[in-house]
Amino acid sequence: MRRPPLAVILVGLFVIALGETAGAVMSQLRPQISGSAEARIAANPQRHGLAGSAEYDTEVIARAVYSAEAGLSFFHTHAQGLGPLVIFASTVAATVVPWRRARGALHTLLALGGLFPLGYLVYSVAVLERGRDAGIGIVERYVLTPLGSAVIVGLVALAAFIAAERRRGRAA
Amino acid sequence: MTAPGSDAWRRPPLPSLLAAILLIACAEVGGAAMVKFKLELTRWARSVILARPATHGLVGVRDVDEQVIDEAIVKFDAGLRLFHLHAEGMGLVIIATTMTAATLVRSDGVRRAVIVLLSAGGAGYPVGYLLWSALIPYYGVEPAKTIAERLIWIPFGGATIIAAWWLTVLVAMRLVRRS
């Protein structure tokens with residue numbers, strides 16, 4: 001099997017290392033993370049729709065903190081999955097796709113898509129800074145969808161190139 | 001290790017591959033066992049919890065105790081699910097990272113150290129979730145977590161994190177030197 005360009009391997013490794021570190025940080029610093037999340041929500045009361053009523057606000061804050069923590073958790077799990085995926089799928093592209101430009105395009109798409117888990121880090125921050133629903137909406141639209149689409153398009157295109165190469169091999 | 005060409009992957013050492021494959025196999029078996037024996041596992045956890053009322057803070061009032069037991073069983077189940085999830089992921093992480101280290105790290109000593117840390121850390125870390133689950137009925141949620149952290153998560157997880165960053169820096173340096 002041929003190895004993909006170093007830059008693509010580096011993206012995969014970087015995402016794996018970040019994901020593992022995030023898991024440890026989440027486990028060891030959970031109270032501090034919750035505390036700073038609550039502080040950021042309190043600093044943006046209008047964006048979170050806080051009304052000044054303790055009972056109502058407590059529920060809103062709890063939901064926002066839960067979403068921010070879920071973002072960190074998704075980051076950890078997606079990084080663990082997508083890091084190896086970038087390395088393995090780009091290895092298949094480097095080995096099977098004979099056309100240089102096509103290979104380059106696939107490696108670019110897979111490396112970009114490999115950054116998808118970082119979207120969940122942005123998700124956590126956006127929930128706290130922009131409000132829960134608005135933050136999630138912005139990140140889904142401008143970060144998660146483009147990066148997720150890159151990896152989907154890359155994998156579908158890789159499958160198409162494998163099929164094309166197989167047909168070419170048979171014809172030859 | 002094989003070295004067919006400069007742009008080819010080198011195979012990681014067989015013990016690393018074996019650890020990764022066994023881990024993935026354990027994850028799959030764990031997932032299947034969780035579904036197949038869900039009722040038996042829950043019954044076992046419940047009976048052990050009921051046999052240790054002081055450990056779990058059970059007071060003998062059904063309404064209060066049921067809530068405590070439910071919470072412990074949810075965490076017990078979560079530990080098993082997290083083992084399944086992490087073992088599946090870490091198996092692939094071991095293969096991807098040790099293959100990268102075997103191919104791209106030039107110094108024999110550094111390569112060996114990175115591969116050992118990645119293999120041992122990656123294979124050991126998910127077992128912490130099994131240990132956590134198994135200890136919850138005996139010691140309670142938080143004490144069980146502390147034991148799993150000290151015995152497994154911190155040493156094995158720490159090894160994986162150190163090795164993953166070490167390898168990332170080495171590959172980044174190689175990329176910078178090349179460009």
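Trainee: What makes a residue a contact of Val86(A), leaving aside its neighbours within four places in sequence?

Mentor: Two residues are in contact if their C-beta atoms, placed from the backbone, lie within 7 Å. With those neighbours left out, Val86(A) has Val8(A), Val11(A), Gly12(A), Leu110(A), Ala111(A) and Gly114(A) as its contacts. This is a predicted model, in which local features need pLDDT of at least 70, side-chain atom pairs count only at pLDDT 80 or more, and totals for chains, interfaces and linings use all residues. Residues are numbered from 1 along each chain as its sequence is written, while chains are lettered from A and ligands numbered from 1 in the order in which they are written.

Trainee: Which residues have the most contacts inside the largest nonpolar core?

Mentor: Val86(A) again, along with Leu13(A) and Leu110(A), in a core of 86 residues. The biggest giver to this core is α4(B), with 15 residues. A nonpolar core is a set of buried Ala, Val, Leu, Ile, Met, Phe, Trp, Tyr and Cys residues joined through C-beta atoms within 7 Å.

Trainee: Why is Leu170(B) called buried?

Mentor: Count the other C-beta atoms within 10 Å: 20 or more is buried, 12 or fewer exposed, in between partly exposed. Leu170(B) has 20, so it is buried. You'll find Leu170(B) in helix α7 (residues 141-178) of chain B. Its C-alpha atom is separated by 20 Å from that of Ala120(B), 50 residues away along the chain.

Trainee: On to helix pairs. Why is α4(B) called roughly antiparallel to α6(B)?

Mentor: The axes of α4 (residues 62-104) and α6 (residues 127-139) of chain B cross at roughly 165° and come within 8 Å. Under 35 degrees is roughly parallel, over 145 roughly antiparallel, 65 to 115 roughly perpendicular and the rest oblique. So α4(B) and α6(B) are roughly antiparallel. On the α4(B) side the meeting residues include Phe76(B), Gly79(B) and Phe83(B), and on the α6(B) side Trp132(B) and Ile136(B) are among them. By class, that contact has ten nonpolar, three polar and one charged residues. Here Ala, Val, Leu, Ile, Met, Phe, Trp, Tyr, Cys and Pro are nonpolar, Asp, Glu, Lys and Arg charged, and the others, Gly among them, polar.

Trainee: What makes α1(B) roughly antiparallel to α4(B)?

Mentor: Helix α1 (residues 14-36) of chain B and α4(B) have axes that cross at roughly 160° and come within 8 Å. That puts α1(B) past the antiparallel cut-off, so the pair earns the label. Among the residues that meet are Ala20(B), Ile24(B) and Gly31(B) of α1(B), with Phe83(B), Ala87(B) and Ile94(B) of α4(B). This contact comes out at 15 nonpolar, six polar and two charged residues.

Trainee: And how do you know that α3(A) is roughly antiparallel to α5(A)?

Mentor: Same routine: the axes of α3(A) and helix α5 (residues 118-130) of chain A cross at roughly 170° and come within 7 Å. The angle therefore makes α3(A) roughly antiparallel to α5(A). Gly71(A), Phe75(A) and His78(A) of α3(A) are among the residues making the contact, as are Tyr120(A) and Val127(A) of α5(A). The classes here are ten nonpolar, four polar and no charged.

Trainee: How many residues of chain A are in contact with chain B?

Mentor: 24, and they touch 24 residues of chain B. The elements giving two or more residues to chain A's side are α1 (6-28) and α3 (54-96) of chain A. Of these, α1(A) gives the most, with 13 residues. That side of chain A divides into 13 nonpolar, eight polar and three charged residues.

Methods:
Axes are lines fitted to C-alpha atoms, for helices over the stretch in contact, and angles run from 0 to 180 degrees between N-to-C directions. Helices (H or I, at least four residues) and strands (E, at least two) are DSSP runs, numbered from the N terminus.
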